[in-house]
Amino acid sequence: MCGIVGYTGLDTAKDVLITGLKRLEYRGYDSAGVALERAEGDGCVVDIVRRVGKVAGLESELAQRDDASTCGIGHTRWATHGVPSVANAHPHASCDGRIAVVHNGIIENFAELRADLEARGHVFSSQTDTEVFAHLIEEAYATTHDLAAAVRAACAHVVGAYGLAAVCADEPGVIMVARKDSPIVVGRGERGSYVASDVIALIDATRDVVVLEDGQFARLAPEGIEYTDAEGRLIEPAVTHIDWDIDMAEKGGYPDFMLKEIYEQPRVVRDTLVGRLAPNGELDIDELGLSFEELNVIDRIYVIACGTSYHAGLIAKNLIESWARIPCEVEAASEFRYRDPIITPSTLVVAVSQSGETADTLAAIRDARIKGAKVFGITNVIGSPVARESDGVIYTKANKEIAVASTKSFIGQIVSLTLLALLLGQAKGRLTTGQVRMLFHELGDTSAQIQRIFDTQLDAIHEAACACQGAQSALFVGRGMGAAISYEGALKLKEVSYLHAEAYAAGEMKHGPIALIEPGFPVIAVTTKSPTYDKVVSNLKECEARGARIIALATEGDEDIRRIADHVIYIPPVRDAFSAITASVPLQLLAREVALMRGCNVDQPRNLAKSVTVE
Ligand code: F6R
């Protein structure tokens with residue numbers, strides 16, 4: 001949520017900042033702004049330029065300014081405190097305008113801090129929590145005359161989460177950076193020093209980066225970077241080498257990131273499985289750090305996650321219960337932490353998060369660990385808070401996901417969770433090595449099956465999208481795995497096309513939702529071959545009788561389904577356990593097509609942000 005960039009060095013800062021902000025725009029796009037240092041007389045001033053809307057607006061504004069500044073900070077915002085407006089856009093300045101800050105996160109005690117600062121004469125010009133940082137640093141600077149010390153002092157007053165970058169006109173060329181519970185990455189390139197909230201914004205400059213830990217600070221200058229702890233003692237943090245290419249994070253000829261990422265899914269399946277099956281036929285997920293004996297004592301599992309990741313959890317529940325016979329509950333992380341779940345030392349909590357920084361999921365992890373559970377993370381981001389705070393982690397190998405709606409990371413999550421379910425099944429003695437090997441290979445086959453959907457079903461998906469385009473609402477139904485797939489299909493459709501959609505277990509239709517059906521109402525049904533196929537077909541007949549327009553996701557070769565379905569999208573035959581991997585893909589494409597027909601920006605749907613770092 002929100003993106004931070006900063007640069008000090010030899011190049012024109014506004015160009016470096018705009019390039020970085022564009023890369024980060026997927027994280028928030030309500031407003032954008034920069035603070036640039038400029039020489040004036042014998043000294044320096046800080047100019048702030050902010051715009052409501054996307055980074056392109058800010059870029060045009062800056063293009064008209066002859067600004068050769070070589071030091072600045074920038075921000076792209078997703079509103080939390082205060083409406084999207086110029087006043088609320090970052091950077092925020094101190095009363096005297098000599099200090100400017102950009103901030104990601106939430107300051108929990110901001111109301112109290114603001115009241116205190118106002119009582120001491122500070123004048124606020126925004127509704128944001130961030131602005132307290134500018135005033136706190138200003139106050140501390142008045143006594144320390146040292147930006148590094150002033151930022152550390154300000155942080156000591158703040159309760160909450162922050163990734164922070166600050167500049168001060170009295171220390172030209174210096175950017176001070178702090179982190180607590182909100183990612184900050186720092187790197188040194190040939191042309192200067194860089195900071196960002198996501199490595200993607202500085203990968204052009206350097207591949208060796210420092211991911212700041214909570215409580216660490218960095219002081220960036222053109223000639224180098226100094227790292228300190230909260231007491232100002234010098235530290236030497238670990239350097240992480242980034243081995244993925246920027247091309248992987250660019251559109252690569254596709255019209256939008258969402259399509260590009262959907263098409264990457266066969267690769268994601270393959271990459272997530274590489275090296276996972278040892279020559280002796282056993283699964284190799286060493287990074288989980290638990291022996292078979294330790295896995296064997298697990299007697300209860302909670303999968304905690306939000307949104308699409310929660311839906312991956314619903315799919316995992318089916319697999320874990322079926323293969324390992326361990327009771328598994330799936331809970332929205334935002335609910336889990338506010339009730340009193342039954343946790344014992346033999347409870348395993350599986351936290352699923354693409355970004356690895358979702359506030360609710362992190363809070364639930366911390367809660368679960370305090371209560372004594374083992375926590376496994378499933379995440380797409382190396383070194384993310386979820387990875388760091390879990391006892392073990394499986395990375396989903398989706399690579400950077402830019403489109404706000406999760407697609408490839410969802411498939412990576414399902415594959416990773418399937419591996420975990422197989423491992424637990426083996427550890428519990430419910431699956432033989434031979435069975436695991438067979439299922440593993442079938443899982444790998446889904447890569448080619450997804451490709452086959454791309455090769456054969458685009459026309460059918462287009463037709464189905466035309467059928468939904470003008471609707472007011474749509475219903476997704478299925479049973480078992482099909483129900484879980486439906487939940488994700490409905491979420492994808494509503495988030496990118498703004499068409500209202502709901503998902504129901506098909507058997508629940510007659511208990512209420514069927515009242516919605518009127519002639520032409522789109523019902524999207526997962527009717528792939530499964531033990532409940534006949535039941536789903538019966539439920540569809542009830543919809544057909546009331547005039548619904550039925551779009552069926554069916555297994556190749558199922559011609560009977562055409563008797564009740566107006567449109568059919570075919571999925572290659574696949575074991576029910578793996579149907580979510582294949583059937584979810586056409587639903588992603590359907591959502592995208594409907595969104596484009598309705599004139600929506602599929603990469604950046606309104607009101608959403610890629611990482612949700614607030615509760
Ligand atoms: C929907 C979507 C969101 C995320 C949710 C959790 O397409 O992307 O629903 O799944 O915000 O995010 P992570 O997985 O980063 O914890």
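Modeller: A helix here is a DSSP run of H or I, at least four residues in length, and helices are numbered from the N terminus. With that label in hand we can go through the ligand site and then some single residues; the model is predicted.

Biologist: Which helix gives the most to the shell around the ligand?

Modeller: That is α9, with three residues. Helix α9 covers 307-324, and α16 covers 481-497; each of these two supplies at least two residues of the shell.

Biologist: How many residues surround the ligand, and which are the closest?

Modeller: A residue belongs to the shell if one of its heavy atoms lies within 4 Å of the ligand. By that cut-off 14 residues surround the ligand in this model, and the closest are Ser309, Ser353, Ser355, Thr358 and Glu495.

Biologist: What classes of residue make up the shell around the ligand?

Modeller: Eight residues of the shell are polar, four are nonpolar and two are charged.

Biologist: Which backbone atoms should I look at beside the ligand's oxygen atoms?

Modeller: Take Gln354, where a backbone N or O atom lies 2.7 Å from an oxygen atom of the ligand. At Thr308, a polar backbone atom is 3.1 Å from a ligand oxygen. At Val404, a backbone N or O atom and an oxygen of the ligand are 3.5 Å apart.

Biologist: How much of the ligand's area does the protein bury?

Modeller: The ligand taken alone exposes 410 Å², and the protein buries 89% of that. As for where the ligand sits, the space it takes is the second largest pocket.

Biologist: Next, residues in the helices that line this site. Is Ala312 buried or exposed, and why?

Modeller: Ala312 is buried, because its relative accessible area is 0% and buried means under 20%. Ala312 lies in helix α9, the helix that gives the most to the ligand shell. To place Ala312 against another residue, use Ser353: the two are 41 residues apart along the chain, and their C-alpha atoms are separated by 9.9 Å. Ser353 is among the residues closest to the ligand.

Biologist: Where is Ser497, and how far is its C-alpha atom from that of Ala595?

Modeller: Ser497 is in helix α16. The C-alpha atoms of Ser497 and Ala595 are separated by 3.8 Å, while along the chain the two residues are 98 apart. Ser497 counts as buried because its relative accessibility is 1%.

Biologist: Now the backbone angles. What is the phi of Tyr498?

Modeller: The general idea is that most residues other than glycine have a negative phi. Tyr498 is not a glycine, yet its phi is positive, about 65°. Tyr498 is placed in the loop between α16 and β21, a strand that covers 500-505. With 26% relative accessibility, Tyr498 counts as partly exposed.

Biologist: Which loop holds His145, and what is the phi there?

Modeller: His145 is in the loop between α4 (131-144) and α5 (147-157). Phi is near 50°, a positive value in a residue other than glycine. His145 has 56% relative accessibility and therefore counts as exposed.

Biologist: Where is there a cis peptide bond?

Modeller: Most peptide bonds are trans. In this model a cis bond joins His90 and Pro91, with omega about 0°. Look for Pro91 in the loop between β4 and β5.

Biologist: What can be said of Ala87 in that region?

Modeller: Ala87 is found in the loop between β4 (71-77) and β5 (92-93). Ala87 counts as partly exposed because its relative accessibility is 33%. Its C-alpha atom is 23 Å from that of Arg23, and 64 residues of chain separate the two.

Biologist: Which side chain makes a polar contact with the side chain of Ser126?

Modeller: The side chain of Thr128 does, at 2.8 Å. Ser126 is placed in the loop between α3 (110-119) and α4. Ser126 has a relative accessible area of 6%, so this loop residue is buried.

Biologist: Is Gln457 buried or exposed?

Modeller: Gln457 is buried, because its relative accessible area is 8%. Gln457 is found in the loop between α14 (433-456) and α15 (458-469). From C-alpha to C-alpha, Gln457 is 40 Å from Val52, and in sequence the two are 405 residues apart.

Methods
Residues are numbered from 1 along each chain as its sequence is written. This is a predicted model: local features need pLDDT of at least 70, side-chain atom pairs count only at pLDDT 80 or more; totals for chains, interfaces and linings use all residues. Side-chain values use heavy atoms; hydrogens and water are left out. A polar contact is a pair of N or O atoms within 3.5 Å; within protein, one must be able to donate a hydrogen and the other to accept it, and residues adjacent in sequence count only if both atoms are side-chain atoms. Accessible areas come from the Shrake-Rupley method with a 1.4 Å probe; for residues, only the protein chains shown count as cover. On a 1 Å grid over the protein atoms alone, a cavity is a set of points where a 1.4 Å probe fits but cannot get out, and a pocket is an open set with protein on both sides within 12 Å along at least five of seven lines; lining residues have an atom within 4 Å of a point. A molecule sits in a cavity or pocket if more than half of its atoms lie within 2 Å of its grid points. Ala, Val, Leu, Ile, Met, Phe, Trp, Tyr, Cys and Pro count as nonpolar, Asp, Glu, Lys and Arg as charged, and the others, Gly among them, as polar. Buried means under 20% relative accessible area, exposed over 50%, partly exposed in between (1.4 Å probe, protein chains only).
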